[in-house]
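Please work through the following exercises with the sequence and the coordinates at hand. Each task is followed by a solution in steps.

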Amino acid sequence: MRLTGVGRASDRVPQRIYRSAVSRFDMRERGHVINAVCLGVGIGVLLDPSMTLGTLRSVLGVGVPVVLGALLPDVDTSFGAHRVHGHNLLVLGAVLAFPLIYGNLAWVWLGVVTHYVLDLLGNVRGMALFYPLTRRFYDVPVGVNVNSPLADVVTLVVTGVELAVVAALVRVGQAGVLSDPWQIVDVVGSLA
């Protein structure tokens with residue numbers, strides 16, 4: 001006897017719908033998830049290199065919000081226009097403001113930013129960065145298509161560059177900015 005709702009997802013969902021959802025995940029979100037997980041683990045270890053329970057806490061504290069942020073812009077695939085409604089500076093501003101208002105999810109902004117970077121480097125269409133002011137798409141002249149065999153290489157290179165920037169910040173004594181990203185305002189203010 002089989003209980004309702006028990007078993008593999010492919011047993012409960014018609015095959016064509018299941019295959020469509022799985023292949024869409026592979027093509028769209030995979031690079032964003034790879035980037036966010038590597039970035040979350042890397043930054044977590046950079047913030048607490050002791051390789052103790054504190055490191056695990058650091059990795060989870062950074063990694064979970066970064067992964068959430070990396071997936072957030074693609075919510076616009078469910079409503080509105082893809083790379084318009086979820087891929088603009090207004091969304092990034094809202095995500096940056098969220099921790100100031102609610103006091104949590106301070107690392108989500110990094111996931112959103114890396115999502116934008118990967119989309120700019122990994123598609124030929126671009127993004128409507130200044131929506132709702134304009135629907136014009138902006139792109140960079142370099143990059144590879146998401147279906148290219150080089151897409152994963154670009155994702156790993158971008159992740160490596162991001163981690164190098166974080167490591168440089170830690171090295172020059174700005175670890176406080178990384179443990180509390182909102183201190184960046186004070187650091188930038190002190191430079192002016």
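The exercises below go from the whole chain to helix pairs and then to single residues.

The model is predicted, so local features need pLDDT of at least 70 and side-chain atom pairs count only at pLDDT 80 or more, while totals for chains, interfaces and linings use all residues. Residues are numbered from 1 along each chain as its sequence is written, and side-chain values use heavy atoms, with hydrogens and water left out.

**Exercise 1. The whole chain**

Determine how many helices and strands the protein has, and describe its burial, contacts and exposed surface.

Solution.
Step 1: Helices (H or I, at least four residues) and strands (E, at least two) are taken as DSSP runs, numbered from the N terminus.
Step 2: On that basis the protein has nine helices and zero strands, and the order from the N terminus is α-α-α-α-α-α-α-α-α.
Step 3: Residues are classed as buried under 20% relative accessible area, exposed over 50%, and partly exposed in between (1.4 Å probe, protein chains only). Of the 192 residues, 33% are buried.
Step 4: A contact requires heavy atoms within 4.5 Å. Among contacts between residues at least 6 apart in sequence, 56% join residues at least 24 apart.
Step 5: Accessible areas come from the Shrake-Rupley method with a 1.4 Å probe; for residues, only the protein chains shown count as cover. The protein exposes about 11300 Å², of which carbon and sulfur atoms supply 68%.

**Exercise 2. The pair α3 and α4**

Describe how α3 and α4 pack, and classify the residues of their contact.

Solution.
Step 1: Two packed helices are described by the angle between their axes and the distance between the axes. Axes are lines fitted to C-alpha atoms, for helices over the stretch in contact, and angles run from 0 to 180 degrees between N-to-C directions.
Step 2: For α3 (residues 30-47) and α4 (residues 53-71), the angle is about 150° and the axes are 7 Å apart. The two helices are therefore roughly antiparallel, given that angles under 35 degrees count as roughly parallel, over 145 as roughly antiparallel, 65 to 115 as roughly perpendicular and the rest as oblique.
Step 3: The crossing of α3 and α4 is right-handed. A crossing has this hand if the near helix is turned clockwise from the far one by less than a right angle, and is left-handed if anticlockwise.
Step 4: Contributors from α3 include His32, Val33, Ala36 and Gly40, and those from α4 include Thr55, Ser58, Val59 and Gly63.
Step 5: The residues of this contact divide into 14 nonpolar, six polar and no charged. Here Ala, Val, Leu, Ile, Met, Phe, Trp, Tyr, Cys and Pro count as nonpolar, Asp, Glu, Lys and Arg as charged, and the others, Gly among them, as polar.

**Exercise 3. The pair α5 and α6**

Characterise the packing of α5 on α6, then place Leu92 within it.

Solution.
Step 1: The axes of α5 (residues 89-102) and α6 come within 8 Å and cross at roughly 160°, so α5 and α6 are roughly antiparallel.
Step 2: Their crossing is left-handed.
Step 3: Val91, Leu92, Val95 and Leu96 of α5 meet Val108, Trp109, Val112, Val113 and Tyr116 of α6. These residues comprise nine nonpolar, no polar and no charged.
Step 4: Leu92 lies in α5 and is buried, at a relative accessible area of 15%. Beyond its neighbours within four places in sequence, Leu92 touches Trp109, Val112, Val113 and Tyr116.
Step 5: The C-alpha atoms of Leu92 and Val108 are 9.5 Å apart, with their positions 16 residues apart in sequence.

**Exercise 4. Backbone features in loops**

Which values of phi do Met51 and Arg83 have, and where do these residues lie?

Solution.
Step 1: Met51, a residue other than glycine, has a positive phi near 55°. Met51 is in the loop between α3 and α4 and is exposed, at 59% relative accessible area.
Step 2: Arg83, also not a glycine, has a positive phi of about 65°. Arg83 is in the loop between α4 and α5, but counts as buried at 14% relative accessibility.Step 3: Arg83 is touched by Asp119, which also contacts His32, His87 and Met127, not counting residues up to four places away in sequence. Asp119 is in α6 and is buried at 5% relative accessibility.
Step 4: A cis peptide bond, with omega about 15°, joins Tyr131 and Pro132; Pro132 lies in the loop between α6 and α7.
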